Amino acid sequence: MRHLLAFLVLSLAISPAMACETVQLGSLEISEAWSRASIGMARPGAFYVTIRNTGATDDTLTAITTPVSDKPMLHETVVKDGVASMPHAMAIPVPAGSTMALEPGGYHGMLMGLTKVLKEGEEFPVTLTFREAGHVTVPVLIRGMGARDAGCPDIKK
Amino acid sequence: MRFTGVQKILWGMAGLASLAYGTLVLIANHTPLPSIVAPFRPTFALPDAEGRLRSTVEFAGKHQLVFFGFTNCPDVCPTTLAEVAQVLDGLGDQATLVQPLFISIDPIRDRRLGLADFTAAFHPSILGLAGDEAQTRAAASSFHIYYEREVNANASDGYTMSHSPSLYLIGPDGDWLRQFSYGTPADEILNDLKQRLRTS
């Protein structure tokens with residue numbers, strides 16, 4: 001019983017940290033991958049992540065795939081002359097020595113055709129494809145509908 | 001202290017100059033300053049999620065915090081409504097003096113997808129309104145805001161919406177007070193509202 005309790009406490013303590021952990025792909029550090037809970041599956045979800053390029057070579061995020069969406073896309077929210085639109089971003093640049101954040105109001109992943117309800121506290125995988133570095137799959141934390149960031153305890157910017 | 005003749009003349013001239021300047025300032029103050037936005041009173045008459053027609057007059061005496069958006073919007077709309085929720089929580093007891101409104105610019109699809117569950121997911125006080133095409137156009141033009149349907153083969157149902165993403169603040173007497181442009185931190189909105197509620 002005591003072991004079970006310890007296990008439960010430990011797993012609770014560990015699971016958010018997993019999603020907040022930084023994943024390394026060559027000289028890219030991928031962290032703070034998160035999404036928002038969805039109401040049903042009819043509306044698109046969003047995907048946010050921070051990519052840090054510590055190398056000397058420019059890279060580009062060209063695609064995302066995930067089992068929770070039939071049609072994941074990269075978008076950019078653009079507010080121009082007081083009007084917000086959301087053009088499809090074909091690729092998101094990750095220049096050498098810089099940090100590119102997909103975050104509310106800017107670049108973001110749009111998860112169209114959800115295949116499951118996104119529930120707060122759960123995780124799902126997203127595979128990121130980079131032109132130079134290749135593929136990497138990261139765990140994405142589903143936060144509440146009102147969340148504005150990954151809510152990771154130790155945010156490195 | 002004794003003034004010489006020259007000093008008297010100089011002081012006299014200084015006095016005359018300040019008098020003239022003061023007169024000019026007074027005259028200048030009497031001419032009305034051009035205001036950036038002419039005062040106006042936006043109006044709307046739109047059905048809520050249950051189909052009851054709700055209109056501006058109903059909220060007289062309250063501040064209204066108005067957002068025009070659509071529920072299929074993954075980024076801007078949830079982000080803004082999350083901020084509205086944070087503002088309402090920050091207001092505490094005074095939240096009853098502020099009516100947050102979400103006006104759909106994509107009303108037919110939003111009715112189909114569900115309006116009330118969307119607004120409730122952010123804050124129970126947010127009132128969602130979705131009218132027909134004419135009602136929506138009328139409300140938007142009354143607020144002087146822009147929205148447009150954009151055909152996009154890649155979007156769900158083949159279209160998406162572009163829209164003015166600001167939050168609009170309407171005063172207790174129905175006057176348009178100001179807008180908070182997209183991305184204004186919730187704290188800034190909260191402080192602005194608190195100050196207004198203190199003086200009203």
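How many residues of chain B are in contact with chain A, and how many of chain A with chain B? In this predicted model, 29 residues on the chain B side meet 28 on the chain A side. The area buried between the two chains is about 2100 Å², and the model also has six cavities of 30 Å³ or more.

**Buried area**
- Carbon and sulfur atoms give 60% of the area buried between chain B and chain A.
- On the chain B side, the residues that lose the most area to chain A are B:Pro74, B:Asp75 and B:Asn154. Together, this trio makes up 28% of what that side buries.

**Who supplies the chain B side**
- Helix H2 (76-91), helix H4 (116-120) and strand E7 (159-163) of chain B each put in at least two residues.
- H2(B) supplies the largest share of the side of chain B that touches chain A, with six residues.
- Sorted by type, the chain B residues touching chain A come out as 14 nonpolar, eleven polar and four charged.

**Polar links across the interface**
- Looking for salt bridges between chain B and chain A? The count is zero.
- Polar contacts do turn up across the interface: twelve residue pairs, both at pLDDT 80 or more.

**The largest cavity**
- Among the six cavities of 30 Å³ or more, the largest has a volume of about 180 Å³.
- It's lined by 15 residues, and the closest to its centre are A:Ala37, A:Pro44, A:Gly45, A:Met145 and, from chain B, B:Pro78.
- The lining of the largest cavity splits into nine nonpolar, four polar and two charged residues.

Notes. Residues numbered from 1 in each chain as written. Chains lettered and ligands numbered in written order. Predicted model: local features only at pLDDT ≥ 70, side-chain atom pairs only at ≥ 80, totals over all residues. Heavy atoms only, no water. 1 Å grid on protein atoms, 1.4 Å probe; cavity = no way out; pocket = protein on both sides within 12 Å on 5 of 7 lines; lining within 4 Å. Points joined across faces, edges and corners; volume = space filled by probe spheres on them. Nonpolar A, V, L, I, M, F, W, Y, C, P; charged D, E, K, R; others polar. Contact = heavy atoms within 4.5 Å. Buried area = accessible area lost by both parts, 1.4 Å probe. Salt bridge = Lys/Arg side-chain N within 4 Å of Asp/Glu carboxyl O. Polar contact = N/O pair within 3.5 Å; in protein donor to acceptor, adjacent residues only side chain to side chain. Helix = DSSP H or I, 4+ residues; strand = E, 2+ residues; numbered from the N terminus.
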